[in-house]
Amino acid sequence: MEQIHTSLNSEVGALEAVILHRPGIEIERMTPTTIKEALYSDLLSESIAKKEYLQLEGVLAKYTKVLYIDDLLGELLATNAEAKEFLIDTVCRVEKIEELRVLFTQASSSDLTKWLIEGLSKDEVKDIYRTNEDYLLTPLYNIYFTRDIGVSFNGKSMPTQMATRVRRRENIITDVIFRYHPIFTQIDAHSYPWDKAPKNAILEGGDFLVAAENIFLIGMGGRSNQAGVDAFIAEKAKYTSLFYVVTQELPTFPESFIHLDMVFTLLDRDVCMLYAPLILEGRKYKTTLLKVENGVVTSRVESNLLTALQRLNMPMNPIYCGGSNRVYMDRDQWHSGANFFTIAPGHIMGYERNTHTIDALHQAGFKVISANEIIASKENLLTPGQKTVITLKSSELVRGGGGCRCMTMPIQRKSI
């Protein structure tokens, strides 16, 4: 395998490696009775979601190294006995399924990978039965949102700490990959602050933005909290004497405000996308600039994220999700209209359905190209000096509650 350095110091540097997970049977194992537990508001079709997801895969495959979380896990389980033992032990302990330990230990790497992601129903294992439980191992309904479960920064790769129990196995899988896979061990990338953090500490990748080499933006709402921020700061301070963290409070309702990247993303060195009613007008949601110097934290309250970044010599030109109309702002934000993924400075991906946001980008100088055009062309359509927004058709993926940034875990970008 081509060497990957897992160096990531921004949100917008040219992408060199990213981890994905193609939606699979796990999303069709969700039923009306398990929607709430699975953190969804509607049922998804695997076949339609997968077809739409091919656009994301196809575009990224043209410009970067694409890795898949199930492939990385399968490789480890097939070649590293210590990693397999660590994984089985952690899953059995955390999920309280000790009765499955022998089955897991004897399973092939492909079967174990499949069960850990797609779930293990009681019908598949007739001799191990729990009354009133359809699954001995719950499907990972959300794992195609790879952004949430791990973050990379400054040569380090860190599993996050999910707020909900249904997603904790995703963290375990990510931790095993970061801890044992050669991509990460060859540069000692694994970072793990959670052993020493309070039990209530949570920090999800959708709330974590690497604005610059030593500037981090972290949302605090229903999925990340101050204890999670503190855990990251303590870990980062081990090897960096001076850095900054800007925290942004978020509402816990409605569900479209689940993470910071649902209301704010970086598109270029000096361009951002934001949902104005919260970022610029949400006075009740505090923005705090933290300076961490030699482990000592000092803080000051800022007016908003833009003023905090201005103070850190990162002035931003904002583009508004939904344009200038408040109704369209709300509608587009609900459908992940602020959630863009940057492939290279000024070259971004988002949902076509958010037409008012796409129009705002076009008016700001972005050329609009469909994902299918990018995939079909034999030429590189991302031309230097011309900002580009690549649009994905989405009727199914959007119902999962996340956008293009949510579905990607970048682990390496070029410096800018």
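Two strands are counted as paired here if DSSP finds at least two bridges between them, and the strands (E, at least two residues) and helices (H or I, at least four) are themselves DSSP runs, numbered from the N terminus. The model is predicted, so that local features need pLDDT of at least 70 and side-chain atom pairs count only at pLDDT 80 or more, whereas totals for chains, interfaces and linings use all residues. Residues are numbered from 1 along each chain as its sequence is written, and side-chain values use heavy atoms, with hydrogens and water left out.

**View 1. The open sheet of strands 10, 11 and 14, with helix 14 packed on it.**
Three strands form this open sheet in the order 10-11-14, and their pairing is mixed. Strand 10 (264–268) and strand 14 (317–320) are the edge strands, each of which pairs on one side only. From one strand to the next the twist averages 30°, where axes are lines fitted to C-alpha atoms (for helices over the stretch in contact) and angles run from 0 to 180 degrees between N-to-C directions. Strand 11 (residues 271–274) runs parallel to strand 14 and is joined to it by 4 bridges, with Leu 274 standing opposite Tyr 320 of strand 14. Helix 14 (residues 355–363) packs on this sheet, touching strand 10, strand 11 and strand 14, and the direction of helix 14 makes about 145° with that of strand 14; contact means heavy atoms within 4.5 Å.

**View 2. The open sheet of five strands, in the order 7-8-9-12-13.**
In this open sheet, too, the pairing is mixed, and the edge strands, each pairing on one side only, are strand 7 and strand 13 (296–302). Neighbouring strands are turned by 25° against each other on average, with direction ignored. Strand 9 and strand 12 (residues 287–293) run antiparallel and are joined by 7 bridges; across this pairing Tyr 244 stands opposite Lys 291 of strand 12, and Val 245 stands opposite Leu 290 of strand 12.

**View 3. Strand 8 and its pairing with strand 7 and strand 9.**
Strand 8 (residues 215–220) is mostly covered, with 6 of its 6 residues buried, where buried means under 20% relative accessible area, exposed over 50%, and partly exposed in between (1.4 Å probe, protein chains only). In a regular strand the side chains alternate between the two faces of the sheet. Both faces of strand 8 are covered, since Ile 215, Leu 217 and Gly 219 are buried on one side and Phe 216, Ile 218 and Met 220 are buried on the other. Strand 7 (residues 208–212) pairs with strand 8 in the antiparallel sense over 4 bridges; the two strands form a hairpin with 2 residues between them, and the bridge partner of Phe 208 in strand 8 is Ile 218. With strand 9 (residues 242–249), strand 8 pairs in the parallel sense over 6 bridges, and in this pairing Gly 219 has Gln 248 of strand 9 as its bridge partner. The chain crosses from strand 8 through helix 10 (residues 226–236) to strand 9, and this β-α-β crossover is right-handed, a term used if, with the strands pointing away from the viewer, the path from the first strand over the helix to the second runs clockwise.

**View 4. The hairpin of strand 12 and strand 13.**
Strand 12 and strand 13 run antiparallel and are joined by 7 bridges, one of the bridge pairs being Lys 291 with Thr 298 of strand 13. Two residues lie between the strands of this hairpin, and Asn 294 in the turn has a positive phi of about 55°. Strand 12 is mostly covered, 5 of its 7 residues being buried.

**View 5. Helix 4 packed with helix 8 and with helix 5.**
Helix 4 (residues 69–79) and helix 8 (residues 168–180) pack at an angle of about 60°, with their axes 10 Å apart. That angle makes helix 4 oblique to helix 8, because angles under 35 degrees count as roughly parallel, over 145 as roughly antiparallel, 65 to 115 as roughly perpendicular and the rest as oblique. The crossing of helix 4 and helix 8 is left-handed, which applies if the near helix is turned anticlockwise from the far one by less than a right angle, a clockwise turn being right-handed. In this packing Ile 69, Leu 72, Leu 73 and Leu 76 of helix 4 meet Ile 173, Thr 174, Val 176, Ile 177 and Tyr 180 of helix 8. Helix 4 and helix 5 (residues 81–95) pack at an angle of about 110°, with their axes 6 Å apart, which makes helix 4 roughly perpendicular to helix 5. The crossing of helix 4 and helix 5 is left-handed, and the contact is made by Leu 73, Leu 76, Leu 77 and Thr 79 of helix 4 together with Ala 81, Ala 83, Lys 84 and Leu 87 of helix 5.
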